[in-house]
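Please read the sequence and the model side by side. The paragraphs below start from single residues and then move out to the whole chain.

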Amino acid sequence: MQTGTVHIVDDDAALRTALVRLCASAGLKATGHTDASDLLANPDVARPACILLDIRLTHDDGLDVQARFQASGTTIPIIFLTGYGTIPMTVRAMRGGAVEFLTKPADDDDILAAIDRALALDAAAFAAKAARDALALRLASLTGRERDVFGLAIGGLMNKQIAAELGVSEITAKVHKRRVMEKMEARSLADLVRMAGELGIDAPRQR
């Protein structure tokens, strides 16, 4: 079972308590919510996390809540749990990125399996975002000239060609390239090209 926090949004107090206990029995931290207002107002929760969301809340619609999470840029995985599911609801929920659409009364093992998948997805996505953010910080540490060298290097130019493009000596081009490799923590040119791809950087067109 993955570790993480499960946010249970259901206005049925008895069911909400039962789901919190179910999560606790599996070693998970769980927080109950009568509605999604707190999560929508403060989506920056500890990760990994997922949301177990009732589709019919007293003052809201679960599918609309999902849409508002998406509009705010929140990427916490959502599992729907409802006693009023229809095929159109299921289709809309899954198209909106829901991990699972469970119908009450759902089997405990099915609920925990869905939670496990959702937490695994969130952990992977959060780790990937952290890696991209770290990569962006390394890129930001490059000087303007080093950024030029970065672009020419991923375009496949040799040191001599980079020097000619920039109007500097080959030794100077080599020094800049070495600094780029060090700052980006790239082990090879192929590694640098991969990083450029992850950052959405294309090699400049040669004159």
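In which helix is the place of Ala-93? Ala-93 sits in helix α4, which covers residues 87-95. The model is a predicted one, and what follows should be read with that in mind. The relative accessible area of Ala-93 is 0%, so Ala-93 counts as buried, the cut-off being under 20%. Its contacts beyond four places in sequence are Leu-63, Gln-66, Phe-80, Ala-98 and Phe-101. The C-alpha atoms of Ala-93 and Ile-55 are 9.5 Å apart, although 38 residues separate the two in sequence.

Ile-55 also turns up among the contacts of Thr-82. Thr-82 belongs to strand β6, residues 78-82, and with a relative accessible area of 0% Thr-82 is buried. Leaving out residues up to four places away in sequence, Thr-82 touches Asp-54, Ile-55, Phe-101, Leu-102, Thr-103 and Lys-104. Phe-101 is thus on the contact list of Thr-82 and also on that of Ala-93.

Asp-54 is the next residue to look at. Is Asp-54 buried or exposed? Its relative accessibility is 5%, and since buried means under 20%, Asp-54 counts as buried. Asp-54 lies in strand β3, which runs over residues 49-54. With residues up to four places away in sequence not counted, Asp-54 touches Val-9, Asp-10, Asp-11, Gly-62, Leu-81, Thr-82 and Lys-104. Two of these contacts, Asp-10 and Asp-11, are themselves aspartates. Between the C-alpha atoms of Asp-54 and Thr-103 the separation is 9.8 Å, with their positions 49 residues apart along the chain.

Lys-104, a contact of Asp-54 and of Thr-82, leads to a backbone feature. What kind of peptide bond joins Lys-104 and Pro-105? The bond is cis, with omega at about -5°. Pro-105 is located in the loop between β7 (100-103) and α5 (108-140).

A second backbone feature is found at Glu-185, in the loop between α8 (170-184) and α9 (189-199). Glu-185 is not a glycine, yet it has a positive phi of about 60°. Its relative accessible area is 52%, and because exposed means over 50%, Glu-185 counts as exposed.

These residues can now be placed in the whole chain. The protein has nine helices and seven strands. Its radius of gyration is 24 Å, whereas the globule rule gives 17 Å for 207 residues, so the protein is more spread out than a compact globule. The C-alpha trace spans about 75 × 35 × 25 Å along its principal axes. The domain assignment gives domain 1 (5-131) and domain 2 (142-199), and the C-alpha centres of these two domains lie 45 Å apart.

Some totals complete the picture. Of the 207 residues, 37% count as buried. The exposed area of the protein is about 11300 Å², of which carbon and sulfur atoms supply 53%. Among contacts between residues at least 6 apart in sequence, 63% join residues at least 24 apart. The protein carries 25 positive and 27 negative charges, and the mean positions of the two sets are 12 Å apart.

Terms used: Residues are numbered from 1 along each chain as its sequence is written. This is a predicted model: local features need pLDDT of at least 70, side-chain atom pairs count only at pLDDT 80 or more; totals for chains, interfaces and linings use all residues. Side-chain values use heavy atoms; hydrogens and water are left out. Helices (H or I, at least four residues) and strands (E, at least two) are DSSP runs, numbered from the N terminus. The radius of gyration is taken over C-alpha atoms; the globule rule is 2.2 Å times the number of residues to the power 0.38. Buried means under 20% relative accessible area, exposed over 50%, partly exposed in between (1.4 Å probe, protein chains only). Contact means heavy atoms within 4.5 Å. Accessible areas come from the Shrake-Rupley method with a 1.4 Å probe; for residues, only the protein chains shown count as cover. Lys and Arg count as positive and Asp and Glu as negative; His and the chain ends are not counted. The place of a charge is taken as NZ of Lys, CZ of Arg, CG of Asp or CD of Glu. Domain bounds come from an automatic or database domain assignment.
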